[in-house]
Amino acid sequence: EGASDLTGQPQWNLTITPDGKGLPQGSGNAITGQQIFELRCASCHGFEAIGASAMPLVGDVNSLTSDYPEKTVNSYWPYATTLFDYIRRAMPPAAPYSLSSHEIYALCAYILSQDGIIEANVELNEVTLPQVKMPNRDGFSAVYPNNR
């Protein structure tokens, strides 16, 4: 059982680490994810996740060293598990925590498949999602340059 806060409400540790620790059971693929995306996400992120009133999620992979770098989920984020965590905690903005684990895995699969990071027929789950190698995985340093 989780700890309680001062109001007596349970608090749960929802942390998901890059290696997948904390991911819930579930599964989904890009085909299902596209259907969910079009119903729940496209009004802000645009069809095909290329942006609308909200920032684009896909595209511009390998642009970070160019004159015009774009920080999309697929170009910038180092771990695919962060995508699951963010969707669960913050999307949709009016109803965070409203999507099931299956829906979130499917949305992750759809977003990652848009730039060919995974194939559209790949099933993502608590085992396969942490195995996804994001294009910018090695673009971050765990040590600040001046703290050596």
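Is Thr-81 buried or exposed, and what is its relative accessibility? In the predicted model described here, Thr-81 counts as buried, at 2% relative accessibility. The residue is placed in helix H4. Leaving aside neighbours within four places in sequence, Thr-81 is in contact with Ile-16, Thr-17, Pro-18, Gly-20, Leu-23, Leu-129 and Pro-130. One of these residues, Thr-17, also offers a polar partner: its backbone oxygen lies 3.4 Å from a polar atom of the Thr-81 side chain.

The overall architecture is considered next. The secondary structure of the protein comprises five helices and four strands. Along the sequence, these elements are arranged in the pattern β-β-β-α-α-α-α-α-β. The protein has 148 residues, of which 35% are buried. Among contacts with a separation of 6 or more, 54% are between residues 24 or more positions apart. The accessible surface amounts to about 9200 Å², and 51% of that surface belongs to carbon and sulfur atoms.

In soluble globular proteins, nonpolar side chains tend to be buried together. In the present model, the largest nonpolar core has 31 residues, and those with the most contacts inside it are Ile-87, Leu-112, Leu-124 and Leu-129. The elements that give two or more residues to this core are helix H1 (30-40), helix H4 (80-90) and helix H5 (101-113). Helix H5 supplies the largest share of the core, with nine residues. The surroundings of Leu-129 illustrate how residues from several parts of the sequence are brought into contact: not counting residues up to four places away, Leu-129 touches Leu-23, Ala-80, Thr-81, Phe-84, Tyr-105, Cys-108, Leu-112 and Leu-124.

Helix H1 presents two sides. Ala-30, Gly-33, Ile-36 and Phe-37 are buried in this helix. These four residues lie on the same side of H1, because they cover an arc of only 115° around the axis. On the other side of H1, Ile-31 and Leu-39 are exposed. The cover over the buried residues of H1 includes helix H2 (42-45) and H5. At the start of H1, a side-chain oxygen of Asn-29 reaches to within 3.1 Å of the backbone nitrogen of Ile-31.

Asn-29 can also be related to helix H5, where His-102 is placed. The C-alpha atoms of His-102 and Asn-29 are separated by 9.0 Å, although the two residues are 73 residues apart along the chain. His-102 counts as partly exposed because its relative accessibility is 47%, a value between the limits of 20% and 50%. Apart from neighbours within four places in sequence, His-102 is in contact with Gly-26, Ser-27 and Gly-28.

Gly-26 and Ser-27 are also touched by Asn-125, together with Tyr-105 and Pro-130, when residues up to four places away in sequence are not counted. Asn-125 is located in strand S4 (residues 124-125). With a relative accessibility of 14%, Asn-125 counts as buried. The side chain of Asn-125 reaches the backbone nitrogen of Val-127 at 2.7 Å.

Charged groups were examined as well. Side chains of opposite charge can pair when their charged atoms come close. The structure holds one salt bridge. This salt bridge is formed by Arg-89 and Asp-85, whose closest N and O atoms are 2.7 Å apart. The two residues are separated by about one helical turn, because they are four residues apart in helix H4. The partners differ in their exposure: Arg-89 is partly exposed, with a relative accessible area of 34%, whereas Asp-85 is buried, with a relative accessible area of 17%.

Arg-89 is also among the contacts of Tyr-97, a residue in the loop between H4 and H5. Leaving aside neighbours within four places in sequence, Tyr-97 is in contact with Leu-14, Arg-88, Arg-89 and Met-91. Tyr-97 is partly exposed, with a relative accessible area of 45%. The C-alpha atoms of Tyr-97 and Ile-87 are separated by 8.2 Å, and the two residues are 10 residues apart along the chain. Ile-87 is itself one of the residues with the most contacts inside the largest nonpolar core.

Conventions: Residues are numbered from 1 along each chain as its sequence is written. This is a predicted model: local features need pLDDT of at least 70, side-chain atom pairs count only at pLDDT 80 or more; totals for chains, interfaces and linings use all residues. Side-chain values use heavy atoms; hydrogens and water are left out. Buried means under 20% relative accessible area, exposed over 50%, partly exposed in between (1.4 Å probe, protein chains only). Contact means heavy atoms within 4.5 Å. Accessible areas come from the Shrake-Rupley method with a 1.4 Å probe; for residues, only the protein chains shown count as cover. A nonpolar core is a set of buried Ala, Val, Leu, Ile, Met, Phe, Trp, Tyr and Cys residues joined through side-chain atoms within 4.5 Å. A salt bridge is a side-chain nitrogen of Lys or Arg within 4 Å of a carboxyl oxygen of Asp or Glu. The arc is that of the directions from the helix axis to the C-beta atoms. A polar contact is a pair of N or O atoms within 3.5 Å; within protein, one must be able to donate a hydrogen and the other to accept it, and residues adjacent in sequence count only if both atoms are side-chain atoms.
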